[in-house]
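Hi everyone, and thanks for making time this morning. I'd like to walk you through a structure, so please have the sequence and the 3D view open as I talk.

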Amino acid sequence: MLPSADFPALQGFHRMDILKEKIYAGRRIGHEEAPDLFRWPIIELGMAADFRRRLIEPGDKVGFIIDRIVNFTNVCEASCAFCAFHARAGRIEPYELTLDEILAKVEELVTIGGTQVMLQGGLHPRHTLETYLAMVRAVKNRFPEIALHSFSPAELVYIARRSGVTLDEAVEGLKDAGLDSVPGASDLLVDRIRNRVSPKKITRDDWCGVMDVLCRHGLKSSATMTYGMGETLAERIAHLEVIRAVQDRTGILRAFIPWSFSPAHTRLEDVPPATGIDYLRVVAISRIFLDNVTHIQAGWLTEGMKLAQIALTMGANDMGGVLTEEVVVKAAGVINRTNMAELIDVIGDAGRIPVQRDSDYREIRTFA
Ligand code: SF4
């Protein structure tokens, strides 16, 4: 037999074989092994991810939720280079919604049977913890049945600092007022990239610290990944590694949502947009790597419905929200819309069973 050490190509084959064996045995893969997955043929990678999806959540159900994002202001001190939503990007005039305007939007959602609201805003220089408490109380007093999956780690750190309270105090106050959970908007948890594209936003360690505080207060969260901002493949894996470690420690992440960066109308406009195959690879690799996160969401909002549907065969097991209103991605010129009927069709056409779920991923209605 040829000693593979003398032949680098054979070493590569050997490494792949070990990796495949590990994946199909349901074992955890290391961060040093994961970059090899970017070189797998896409169909093979997708099948391996689907296998891992079935190990984590057997069956064919795919969830979706009827929800709405209410972006209550686009005034933001951070002015991130990758964001087309904040007022200084010049796409949307500066605005702030009043409590009455916020309540009117929530009412529209309730009328169509929605169950979750995501209040999110920029880092507004006049907003404090009191501003946020007022929003939570107003929504919860009027619509106690609505799940408030709201704000972001960056907003929580910002308002705590501005209000002279600890993060623990801010989170405790918001929870007592009615906040149910917090979307873990993570961007890319690599400080080399963050320093370049969002230097005024929280650091990777700040994000992890927020997750620890949420865990202490019994609040669930999620994690996202915005890739395609000039990072290396190893840095994409480093992002996943941070999330896996946080989940090992806290168990609070209900879902992981990867999406590609939309460069149009941002200060990074010359960055080439990620391709469809790149997206499917990220979904599949996330499914294989994040063995401790149950739900991987297919990103119809940024990638379009057709690609999101294919993602359901390559590791994704949730379609996220109907999102009756969304302005942040739209500001970057990406306009995808959907409704419940379309999601049911698309999921069914992928050979899966559509399920309307709540924020805790409990089934509300199955469309068999
Ligand atoms: S991404 Fe968020 S923090 Fe950054 S500029 Fe946009 S609204 Fe502000």
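**Helices, sheets and a ligand shell**

Let me start with a pair of helices: α2 and α10 cross in the left-handed sense. Before going further, please keep in mind that this is a predicted model.

So, back to that pair. Helix α2 covers residues 42-56 and helix α10 covers residues 276-289. Their axes come within 8 Å and cross at roughly 35 degrees. If you'd like to colour the contact, on the α2 side pick I42, L45, G46, A48, A49, R52, R53 and I56. Those residues meet I277, L280, R281, A284, I285, R287 and I288 of α10. Sorted by class, the contact of α2 with α10 has 10 nonpolar residues, one polar and four charged.

Now to two more helix pairs, which share α8. Here is a little background for how I describe them: two packed helices are characterised by the angle between their axes and by the distance between those axes.

First up is α6, residues 167-177, with α8, residues 204-216. The angle here is about 50 degrees, and the axes are 10 Å apart. That angle makes α6 oblique to α8. The crossing of these helices is right-handed. Which residues of α6 and α8 make the contact? From α6 we have L167, D168 and V171, and from α8 we have V210, V213, L214 and R216. By class, this contact of α6 with α8 counts five nonpolar and two charged residues, with no polar ones.

Next, α8 packs with α9, at an angle of about 20 degrees and with the axes 10 Å apart. The two helices α8 and α9 are therefore roughly parallel to each other. Their crossing is right-handed. On α8, the residues in this contact are R204, W207, C208, M211, D212 and C215. They meet V242, I243, V246, R249 and T250 of α9. The class count for α8 with α9 is seven nonpolar, one polar and three charged.

Let's turn to the sheets. One is an open sheet of four strands in the order β5-β6-β7-β8, with parallel pairing. At its edges sit β5, residues 181-182, and β8, residues 295-296, each pairing on one side only. Strand β7, residues 253-260, runs parallel to β8, and two bridges join them. If you want one spot to zoom in on, A255 stands opposite H295 of β8. And here α9 comes back: this helix, residues 233-250, packs on the sheet and touches β6 (220-227) and β7. The direction of α9 makes about 175 degrees with that of β6.

There is also an open sheet of three strands, ordered β2-β3-β4, and its pairing is parallel as well. Its edge strands are β2 (67-73) and β4 (147-148), each with pairing on one side only. Between β2 and β3, the latter being residues 116-121, there are six bridges in the parallel sense. Within that pairing, N71 has Q120 of β3 as its bridge partner.

For an antiparallel example, look at β10 and β11 (residues 363-366), which are joined by three bridges. In this pair, Q356 stands opposite R365 of β11. The two strands form a hairpin with five residues between them, and Y361 in the turn has a positive phi of about 65 degrees.

While we're in that part of the chain, where does A350 sit? A350 lies in the loop between α14 (340-349) and β10 (353-357). Setting aside neighbours within four places in sequence, A350 is in contact with Q309 and L312. A350 and L312 are 38 residues apart in sequence, and 7.2 Å apart in space from C-alpha to C-alpha.

Finally, the ligand, which I suspect many of you were waiting for. Which residues surround the ligand? They are C76, A78, S79, C80, F82, C83, F85, H86 and K201. By class, that shell has six nonpolar residues, two polar and one charged.

That's my tour, so thanks for listening, and I'm happy to go back to any of these views.

Note on methods. Residues are numbered from 1 along each chain as its sequence is written. This is a predicted model: local features need pLDDT of at least 70, side-chain atom pairs count only at pLDDT 80 or more; totals for chains, interfaces and linings use all residues. Side-chain values use heavy atoms; hydrogens and water are left out. Two strands pair if DSSP finds at least two bridges between them. Contact means heavy atoms within 4.5 Å. Axes are lines fitted to C-alpha atoms, for helices over the stretch in contact, and angles run from 0 to 180 degrees between N-to-C directions. A residue is near a molecule or strand if one of its heavy atoms lies within 4 Å of it. Ala, Val, Leu, Ile, Met, Phe, Trp, Tyr, Cys and Pro count as nonpolar, Asp, Glu, Lys and Arg as charged, and the others, Gly among them, as polar. Angles under 35 degrees count as roughly parallel, over 145 as roughly antiparallel, 65 to 115 as roughly perpendicular and the rest as oblique. A crossing is left-handed if the near helix is turned anticlockwise from the far one by less than a right angle, and right-handed if clockwise.
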